[in-house]
Amino acid sequence: MRQTFLGWSMVQMKEYDAEDWIHIHVIPEDNLKLRNTLTSPGLIGNNMEEAWQNVLVEPIRYKCLTPKDFLEPIYSCRDCKSLTDYLEIRYW
């Protein structure tokens with residue numbers, strides 16, 4: 001929740017010219033232990049993503065992505081080839 005509040009407050013205070021925010025958890029697809037964890041007994045949902053979306057006023061501001069989905073935009077940048085190769089080896 002601290003990261004969500006930080007994003008919201010940065011927009012409210014116009015810090016670093018922030019105009020919008022989104023909270024992203026990047027979790028490998030096979031890490032079911034983390035994906036299916038509820039971090040607080042009071043949260044409602046079957047997994048982390050549902051629990052977060054159930055507590056936020058604007059659930060659209062939360063995303064749970066795999067590393068591959070998160071990094072997909074940089075694949076079109078040919079200068080990033082060495083970085084994407086490294087990340088593929090390390091994370092999937």
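Which residue forms a salt bridge with Lys81? Asp85 does, as View 3 shows. This is a predicted model: local features need pLDDT of at least 70, side-chain atom pairs count only at pLDDT 80 or more, and totals for chains, interfaces and linings use all residues. Residues are numbered from 1 along each chain as its sequence is written, and side-chain values use heavy atoms, with hydrogens and water left out.

**View 1. Asp20 pairs with Arg61.** The structure holds three salt bridges (a side-chain nitrogen of Lys or Arg within 4 Å of a carboxyl oxygen of Asp or Glu). Here the closest N and O atoms are 2.4 Å apart. The pair links distant parts of the chain, 41 residues apart. Asp20 lies in the loop between helix 1 (2-12) and strand 1 (23-26). Arg61 lies in the loop between helix 3 (48-55) and strand 2 (62-65). Helices (H or I, at least four residues) and strands (E, at least two) are DSSP runs, numbered from the N terminus. Asp20 is exposed at 55% relative accessibility, whereas Arg61 is buried at 17%. Buried means under 20% relative accessible area, exposed over 50%, and partly exposed in between (1.4 Å probe, protein chains only).

**View 2. Glu58 also pairs with Arg61.** Their closest N and O atoms are 3.3 Å apart. Glu58 is partly exposed, at 41% relative accessibility. Asp20, Glu58 and Arg61 are linked in a network of salt bridges.

**View 3. Lys81 pairs with Asp85.** The closest N and O atoms are 2.8 Å apart. Both residues sit in helix 5 (residues 81-91). Being four residues apart there, they are separated by about one helical turn. Asp85 is partly exposed, with a relative accessible area of 30%.
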